[in-house]
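I'm opening a notebook page on a structure I haven't looked at before. Short entries, one topic at a time.

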Amino acid sequence: MSDRITSEVVAKVARLARLDLYDAELASATEQLSDMLEHFADIDALDLDEVEPMTQPFELVNVMRDDVPGRTLDRDEVLAEAPDPVDGRFGVPPILGTEP
Amino acid sequence: MSETIRSIVSAVRSGARSAVDVTREHLGRIEAREPEIHAFNLVLDDAALERAGEIDATVAAGGDAGPLAGVPIALKDNMCTRGVPTTCSSRILEGWRPPYDATVVERLAAAGAVIIGKTNLDEFAMGSSTENSAFGPTKNPLDPSRVPGGSSGGSAAAVAAGFAAASLGSDTGGSIRQPAALCGVVGVKPTYGAVSRLGLVAFASSLDQIGPFTNDVADAALLLETIAGHDPADSTSIPEPFPALMPSLDRGVVGLRVGRIADLPAGADPDVQNRVDAAFEALAKAGAEIVDVTIPAFTYGLTAYYLIAPAEASSNLARYDGVRFGLRVPAADTNAMYAATRSAGFGAEVRRRIMLGTYALSAGYYDAYYGKALKVRRLMSDDFAAAYSQVDVLLTPASPSVAFPFGTKTADPLAMYLCDTYTIPSNLTGHPAMSVPFGTGADGLPVGVQVLAPALGEPTMFAVAAELERAAGGAR
């Protein structure tokens with residue numbers, strides 16, 4: 001996994017992450033990500049085949065509560081912080097039809 | 001200048017000093033030195049004085065003003081305060097006012113604390129120097145040409161400068177312990193789940209934990225006892241009651257086994273290592289048994305962390321899309337708006353970690369990076385469990401060096417990441433760890449010794465920390 005990452009892959013990752021990269025940024029991002037991944041190759045030396053992945057510090061069980069009505073966030077207070085509140089909802093630009 | 005919480009509470013509750021006077025004294029110090037230090041994103045002077053007045057009224061009426069009556073406390077600016085701007089030191093959240101309080105904020109209020117301001121941090125808590133703040137760095141009060149550490153650098157500096165009697169920070173890979181070490185104050189990362197994360201803006205949810213910065217070990221115990229405990233609104237909150245800490249402070253270390261990690265990764269400066277060696281000697285002299293242990297996975301912690309934390313961050317930070325709160329950069333359609341907003345709103349380090357995390361999680365690379373990192377996390381947990389079958393606590397440096405000058409690590413992300421070498425493993429395992437000032441190293445700057453303990457081992461950890469403080473002559 002220590003192959004150097006290419007700028008094409010970095011550009012694709014940026015698209016997935018919804019980030020615009022300028023050309024100069026793309027070059028430096030590719031360089032930096034490559035250096036990091038090279039450093040992170042140290043774990044390639046470990047035999048991990050039989051090791052269980054660990055996603056959380058402690059075993060978690062799903063937490064359920066009784067379905068009783070309670071206080072929720074105030075709609076006006078929440079929408080007051082939105083960039084474009086429209087008729088009690090979040091306004092957004094067109095979703096379909098503007099991109100080729 | 002560095003007054004303890006205990007002395008303030010006792011004076012305010014007895015009526016010997018008013019909470020308003022205590023708050024004014026802290027605001028006075030802020031006025032004098034904050035322009036140079038920049039510990040805060042926001043100073044809440046009017047609200048703090050109003051709150052202090054309420055505390056005084058409670059005392060005058062013979063009521064119980066709470067265990068933190070009149071104590072000015074600063075909050076890292078990634079903890080939600082209802083109606084009060086919470087920025088995470090990011091342009092993308094600039095001006096945003098949360099519609100609710102974090103659980104820790106509610107608990108501090110109920111205990112009679114006075115919130116004096118919101119402190120600066122590396123953007124979204126990603127960094128080790130506060131140089132990644134969108135609003136400019138915080139200076140180290142002990143030497144303003146140097147960093148205070150990070151990411152909770154503002155919280156550490158606020159306590160070190162006497163702007164607040166205590167503060168809260170968050171620690172995902174060392175963000176409380178490293179700045180505590182660099183600023184010469186006490187900093188604690190509690191057991192994962194001990195303190196509610198509700199209202200802490202998420203960075204890496206399986207690693208994040210809130211904890212205190214204080215002037216001494218007993219203050220840290222008192223503040224942690226106040227904020228810890230089950231919160232039904234945080235699904236990762238530990239259901240059991242949090243253990244009492246104050247009774248442990250005078251326990252001493254007789255009969256305790258203190259572990260020295262024989263295969264600890266190299267990298268600590270000699271002046272720092274000398275202080276850690278001296279800490280072992282002091283504990284042995286006080287009656288502890290020093291035991292050599294090995295933790296082979298320790299050295300792989302950095303890699304595991306810098307794959308897992310960015311992976312979780314790339315998912316958590318997907319919510320900053322210009323739709324519901326914060327910045328929006330207008331564009332012709334939603335996809336273009338998302339990208340324009342996120343590119344303008346996030347700083348370089350945050351973008352870097354989102355990219356790294358997205359890559360580590362993406363199809364074709366998941367098994368090679370994120371999947372492997374999770375397995376290394378298991379090895380780390382197993383290795384620590386084996387060590388804790390032989391010892392009660394472990395001792396390491398908190399930071400590889402004393403506070404470093406501005407700009408020395410900004411050009412090389414990996415050099416900055418290495419600051420976290422000794423603090424990361426406790427986040428991966430979920431264990432508690434704390435930094436205690438233990439003398440000085442190069443240029444007379446403070447060195448922090450890190451005490452590590454197993455899950456919910458805080459009482460023993462604090463017993464050892466209190467002993468180190470006595471040995472260093474720092475107990476009040």
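**Entry 1: one buried residue.** I started with Ile115(B), which has 22 other C-beta atoms within 10 Å and therefore counts as buried. This is a predicted model, so I keep that in mind throughout. I found Ile115(B) in strand 3 of chain B, residues 114-119. Leaving out residues up to four places away in sequence, I see Ile115(B) touching Leu44(B), Ala48(B), Ile73(B), Leu75(B) and Leu108(B). I also checked Ile115(B) against Ala262(B): they are 147 residues apart in sequence, and their C-alpha atoms are 43 Å apart in space.

**Entry 2: the core.** How many residues does the largest nonpolar core have? I get 179, and Val71(B), Ile73(B) and Val451(B) have the most contacts inside it. I followed Val71(B) further: beyond its neighbours within four places in sequence, its contacts are Ile5(B), Ile8(B), Val9(B), Ala113(B), Val114(B), Ala165(B) and Ala166(B). A general reminder to myself: in soluble globular proteins, nonpolar side chains tend to be buried together.

**Entry 3: helix 4 of chain B.** Leu108(B), one of the contacts of Ile115(B), turns up in helix 4 (residues 103-110), where Thr103(B), Val104(B), Val105(B) and Leu108(B) are buried. Their cover includes strand 2 (72-76), strand 3, strand 4 (166-170), strand 6 (210-214) and helix 7 of chain B. After helix 4 comes Gly112(B), with a positive phi near 90°.

**Entry 4: the loop between strand 3 and helix 5 of chain B.** I went looking for odd backbone angles. Most residues other than glycine have a negative phi, and most peptide bonds are trans. Phe124(B), in this loop, has a positive phi near 55°. Phe124(B) is buried, since 30 other C-beta atoms lie within 10 Å. Thr130(B) sits in the loop between strand 3 and helix 5 too, and its phi is positive at about 65°, though it is not a glycine. Is Thr130(B) buried or exposed? Thr130(B) has 32 C-beta neighbours inside 10 Å, so I put it down as buried. Ser151(B) is also in this loop, and the peptide bond leading to it from Gly150(B) is cis, with omega near 10°.

**Entry 5: helix 15 of chain B.** I tested its length. At 1.5 Å a residue, the 15 residues (458-472) should span 21 Å, and the end C-alpha atoms are 20 Å apart, so the two agree. The helix is mostly covered, with 12 of its 15 residues buried; among them are Met461(B), Phe462(B), Val464(B) and Leu468(B). What do the buried residues pack against? I list helix 7 (217-227), helix 8 (270-285), and strands 7 (257-261), 9 (393-397), 10 (433-440) and 11 (446-452), in chain B. Just past the helix, Gly473(B) takes a positive phi of about 75°.

**Entry 6: where the chains meet.** Chain A puts 44 residues into the contact and chain B puts in 52. On the chain B side, helix 12 gives the most, with 10 residues. That side divides into 25 nonpolar, 16 polar and 11 charged residues. I zoomed in on helix 1 of chain A (7-16) and helix 11 of chain B (348-361), whose axes come within 9 Å and cross at roughly 100°. The two helices are therefore roughly perpendicular. Here Val13(A), Ala14(A) and Leu16(A) meet Met355(B), Thr358(B) and Tyr359(B); I count five nonpolar residues, one polar and no charged.

Technical notes
Residues are numbered from 1 along each chain as its sequence is written. Chains are lettered from A and ligands numbered from 1 in the order in which they are written. This is a predicted model: local features need pLDDT of at least 70, side-chain atom pairs count only at pLDDT 80 or more; totals for chains, interfaces and linings use all residues. Helices (H or I, at least four residues) and strands (E, at least two) are DSSP runs, numbered from the N terminus. The expected span of a helix is 1.5 Å times one less than its number of residues. A residue is buried if 20 or more other C-beta atoms lie within 10 Å of its own, exposed if 12 or fewer, and partly exposed in between; C-beta atoms are placed from the backbone. Two residues are in contact if their C-beta atoms, placed from the backbone, lie within 7 Å. A nonpolar core is a set of buried Ala, Val, Leu, Ile, Met, Phe, Trp, Tyr and Cys residues joined through C-beta atoms within 7 Å. Axes are lines fitted to C-alpha atoms, for helices over the stretch in contact, and angles run from 0 to 180 degrees between N-to-C directions. Angles under 35 degrees count as roughly parallel, over 145 as roughly antiparallel, 65 to 115 as roughly perpendicular and the rest as oblique. Ala, Val, Leu, Ile, Met, Phe, Trp, Tyr, Cys and Pro count as nonpolar, Asp, Glu, Lys and Arg as charged, and the others, Gly among them, as polar.
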